[in-house]
Structures are given as structure tokens and as C-alpha cells.
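Please study the sequence and the model shown here, then work through the exercises that follow.

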Amino acid sequence: MFKKTEIQNYNNEQSTGDKVICDLLAMTIDSELSEAENKIWHAHPVWFLDGNPIVGYSKLKAGIRLMFWSGADFEEEKLKMGTGNFKDASISFTSIDQVDTSELKRWLKKSREIQWDYKNIVKRKGQLVRL
């Protein structure tokens, strides 16, 4: 179903309701970012463009959190800004009905166009540079 069986395995480990959300997210991300590499990174599914983390999701107590590494600059009301010096933003889902695929596709388009260079953050001693 997805490019990587390890992501399908991650999804299969979730409760039925969360699995449906994860499957929809993975299918949509794979479709919209077809050139992206994906893998389990820090125990969660993450998609990368040229080695730079773009989008991923994880299971939290509050539901499934979809995070965009550079999402703070998307100017999207529903995406909640992260904390600290990073440019991440996320949204949590507790039901498949909350996932608006047209919104998701718009965010994924922005994730390709608006990127901060997380790949080289260590080399730059924690400084983020816009790509």
C-alpha cells in the first residue's frame, strides 16, 4: 500500500481508529510528495525531500499528531506552532472525520515550497536557514 512496509507496520500497531487516520495520512503524503523518501525516524513515520525532514506523524495521548517541520511559515490557522527555536507546526486528529484531505494537500504543497534546512542544523550549531 505504501512505499515502505515499516510505515505500514507502524500504522498496523495503532488502534483501529488511529490506524485509519494513519493510513489516510500516509496514502495522501505518498501521493502528494511522490518524490519524497520515507522511513521510520525517531520511532515515527517521516517523509524527507533531499534528506530534509518535511512531514511526519506520531501517536500521542491526544490522538495522531501530524507535524510539518517548516509549518510555522505556512500561515495556516489550523496548524499550531511548535515551541522553541524551530519552525514546526502541527495538528492532532482523534477521528478520521477531522482529516480534510483538501487542506492536507494544500499543506503538503506548502511543505515542498517552504522549507527550513533541518538537514544541516547540527553543522550550523542549531541555526536554521530557509531553503
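A nonpolar core is a set of buried Ala, Val, Leu, Ile, Met, Phe, Trp, Tyr and Cys residues joined through side-chain atoms within 4.5 Å, where buried means under 20% relative accessible area with a 1.4 Å probe and protein chains only. The model is predicted, so that local features need pLDDT of at least 70 and side-chain atom pairs count only at pLDDT 80 or more, while totals for chains, interfaces and linings use all residues. Residues are numbered from 1 along each chain as its sequence is written, and side-chain values use heavy atoms, with hydrogens and water left out.

**Exercise 1.** Describe the open sheet and its edges.

*Solution.* Strands are DSSP runs of E with at least two residues, helices are runs of H or I with at least four, and both are numbered from the N terminus. Two strands pair if DSSP finds at least two bridges between them.
- Step 1: The six strands follow the order β1-β2-β3-β4-β6-β5, with antiparallel pairing.
- Step 2: β1 (37–41) and β5 (80–81) each have a single partner strand, so one side of each edge strand lacks a neighbour in the sheet.
- Step 3: Six bridges join β3 (residues 52–60) to β4 (residues 63–68); Lys59 stands opposite Ile64 in β4.

**Exercise 2.** Which residues touch the most other members of the largest nonpolar core?

*Solution.*
- Step 1: Among its 28 residues, these are Leu25, Ile29, Val55, Tyr57, Leu66 and Phe68.
- Step 2: The largest share, six residues, comes from α2.
- Step 3: Another core, of eight residues, lies apart and includes Val46, Met67, Trp69 and Leu128.

Methods. Buried < 20%, exposed > 50% of the residue type's maximum accessible area, 1.4 Å probe, protein only.
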